Amino acid sequence: MSPLRIVFFGTAELACASLSALVESPGISVATVVTQPDRPKGRNLHPQSSPVKVLAAGMPLPVLQPERARHEKFVQTLGELQPDLIVVAAYGQILPGALLELPRFGCLNVHASLLPKYRGAAPIQWAILNDERETGVTIMKMDEGLDTGDVLTSQSTPITPADNAQTLQDRLAMIGAALLVKTVPDYVAGKIVPRKQPQTGASYARKMTKEDGRLDWTRPARSLWNRVRALVPWPGAYTFLSAEPKPPLLKVWQAEVVDRNLGAPGEVLESSRSGIVVACGQQALRIVLLQREGGKPLRAHDFLAGHALVAGQRLV
């Protein structure tokens, strides 16, 4: 029996585990990998390959990088590969109907939420921001909507207090990869009946922006704690130290909730080796790991050794 011929679409780091799992699976042949074009990044704006492209190049696998997946020439190129199945994970574009109809078994998507919750670009970040106790991965059959296709399989995982978006992404990537290679053969064999997503409970997880990182100290401490965790590694939670003429920016990488209700929101209540305690709209937040603009992340006691920050000062 000839191996199942798969074209893999992926860009972000989350997709790498799924690609590796497919390549290592018996009975599966990854014909090519499709990823986003190299994009300028960093201070020098040098073009950088996506994590998926770097992984594929080392395997090695052929790589295609269309500017738009809906371009007619690209659809034609993919048709000539005659894929049995397309698998998508964190690719970054919606596939057009012409692509969805190419493979005889359609297109499957590895999505990092328990659908219909958190459709869209940033399901991991929004699950933490919204104080969810669990999330998971869904393998779905794609349609032309935004993560609206029929569900094949799913698996949940708790969101622990120790999690941030990076640790949760790493865990979901591994869960998704294992679930994918378990689902594909059963789906192709007709052992899985796709089920419609329920009409109720759907939500949208829009892409994060730099502005989402701004900490509003009038909010409850738990809300700010979730924001800090949700925005690691990008864009990072941040605040400003009230000063003249230009308030310096401080990034907050790790924090914890403190059961204190003194002071005005944003007021520094304590500045010690154990952390910088800041008053919030409800309770307080202890900053454990922070970074001054242009500097490097430091534990609170190391930060305070080089930067004066005392009780009574304000963060805004």
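Colleague: What covers the buried residues of helix α1?

Modeller: Burial here means under 20% relative accessible area, with over 50% exposed and partly exposed in between, for a 1.4 Å probe and protein chains only. Cover is read from contacts, that is, heavy atoms within 4.5 Å. For α1, the cover includes the strands β1 (4-10), β2 (28-34), β6 (85-89) and β7, together with the helices α2 (51-58) and α6. Helices (H or I, at least four residues) and strands (E, at least two) are DSSP runs numbered from the N terminus. The model is predicted: local features need pLDDT of at least 70, side-chain atom pairs count only at pLDDT 80 or more, and totals for chains, interfaces and linings use all residues. Residues are numbered from 1 along each chain as its sequence is written, and side-chain values use heavy atoms, leaving out hydrogens and water.

Colleague: How many residues of α1 are buried, and which are they?

Modeller: In α1 (residues 16-24), 7 of the 9 residues are buried, so the helix counts as mostly covered. They are Cys16, Ala17, Ser18, Leu19, Ser20, Ala21 and Leu22.

Colleague: What lines the largest cavity?

Modeller: On a 1 Å grid over the protein atoms alone, a cavity is a set of points where a 1.4 Å probe fits but cannot get out; a pocket is an open set with protein on both sides within 12 Å along at least five of seven lines, and lining residues have an atom within 4 Å of a point. The whole structure has 1 cavity of 30 Å³ or more, and the volume of the largest is about 30 Å³. Ser18, one of the buried residues of α1, is in its lining, as are Leu14, Val110, His111, Ala112, Val137, Leu172, Ala173, Gly176 and Ala177. Two or more of the lining residues come from each of β7 (107-111) and α6 (165-188), and α6 gives the most, with 4.

Colleague: Where does the largest pocket lie, and which elements line it?

Modeller: Among its 46 lining residues, those nearest the centre are Ala12, Ala90, Gly92, Ala121 and Lys207. The space amounts to about 1,800 Å³. At least two lining residues are supplied by each of β3 (39-41), β7, α5 (123-129) and α6.

Colleague: And what of the second largest pocket, by volume and lining?

Modeller: Its volume is about 340 Å³. It has 14 lining residues, with Lys210, Pro235, Leu249, Lys251 and Glu293 closest to the centre. The strands β13 (249-258) and β16 (284-292) each supply at least two, and β13 has the largest share, 3 residues.

Conventions:
Points joined across faces, edges and corners; volume = space filled by probe spheres on them.
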